[in-house]
Amino acid sequence: SAVFCHPDPRPLPCQPVLGSTRPTSGAREGRAGAESSPPHRLGTFAPPSMSILLTFRPVDREWVMGDDMIIDVDNGLRLDSLFKVLSDKKRIPKSRFKLHVPPDRFYAWENGKVGGKADWTVRRAGFYSKSIIKIEPLFPLAWLWHDLDWYEASYIEIIRAALEGCGEARGLSLQELAAATEKPPPLRCTLRAFLRKWPDKFHMETNMNSGTITVALNDMGQGNW
């Protein structure tokens, strides 16, 4: 879902009046999320305020933490206000994430100073429509983009896909399954312990001679999924 940071999508009426340097009443009023428009010189035009779509991708050490979040904001929105919007939307403390704007710009909260750029607009800071901005924890697993249930469900589907795609009716050995899947970092348990939590979905069989553990999908019906 998108966060709309301005109620009025119309551009600012910034056409100067001949012989006057005062902005029009619409420019003086401004819009939610936009900077107040200063008086402009005769024959010049202030850049119009407009809506832009920004895509935020949660990334922790190259691991994509979940789905992208797309927000519709005014390009005059201040950086400190943007941090507050993201914090409120995902319930992440402002002091625990930084924004990576491609190719090499980084912004962090820093007690609201944002590196001395708190009053910069997103336009000035290099945010453009349809840009993909990485939102990164300041330290590993400083926060989660989703709750733990979401990551467990995601891992179940990863394991299921690996077992369905292996082409072996018997399934895979525990070691083969571990090599074929990637466990989300928030899940601290071992693969074996995780599989034991879901006996209705996964069947584990141990060879008493070799000690090899084989994992297969439980054949008790589609209702398990």
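The accessible surface of the protein chain in this predicted model comes to about 13,200 Å², of which 52% belongs to carbon and sulfur atoms; areas were computed by the Shrake-Rupley method with a 1.4 Å probe. Of the 225 residues in the chain, 40% are buried (under 20% relative accessible area, protein chains only). Local features need pLDDT of at least 70 and side-chain atom pairs pLDDT 80 or more, while totals for chains, interfaces and linings use all residues. Residues are numbered from 1 along each chain as its sequence is written, and side-chain values use heavy atoms, without hydrogens and water.

The chain contains five helices and nine strands, taken as DSSP runs (H or I, at least four residues; E, at least two) and numbered from the N terminus.

Helix H3 covers residues 148–164, and its end C-alpha atoms lie 24 Å apart, in agreement with the 24 Å expected for 17 residues at 1.5 Å a residue (1.5 Å times one less than the number of residues). Its buried residues include Tyr 151, Tyr 155, Ile 159 and Leu 163. The buried residues of H3 pack against elements including helix H4 (174–180) and strand E8 (202–206), with contact meaning heavy atoms within 4.5 Å.

The largest nonpolar core has 47 residues, and those with the most contacts inside it are Leu 99 and Phe 127; such a core is a set of buried Ala, Val, Leu, Ile, Met, Phe, Trp, Tyr and Cys residues joined through side-chain atoms within 4.5 Å. H3 gives the most to this core, with six residues.

Terms used:
Buried means under 20% relative accessible area, exposed over 50%, partly exposed in between (1.4 Å probe, protein chains only).
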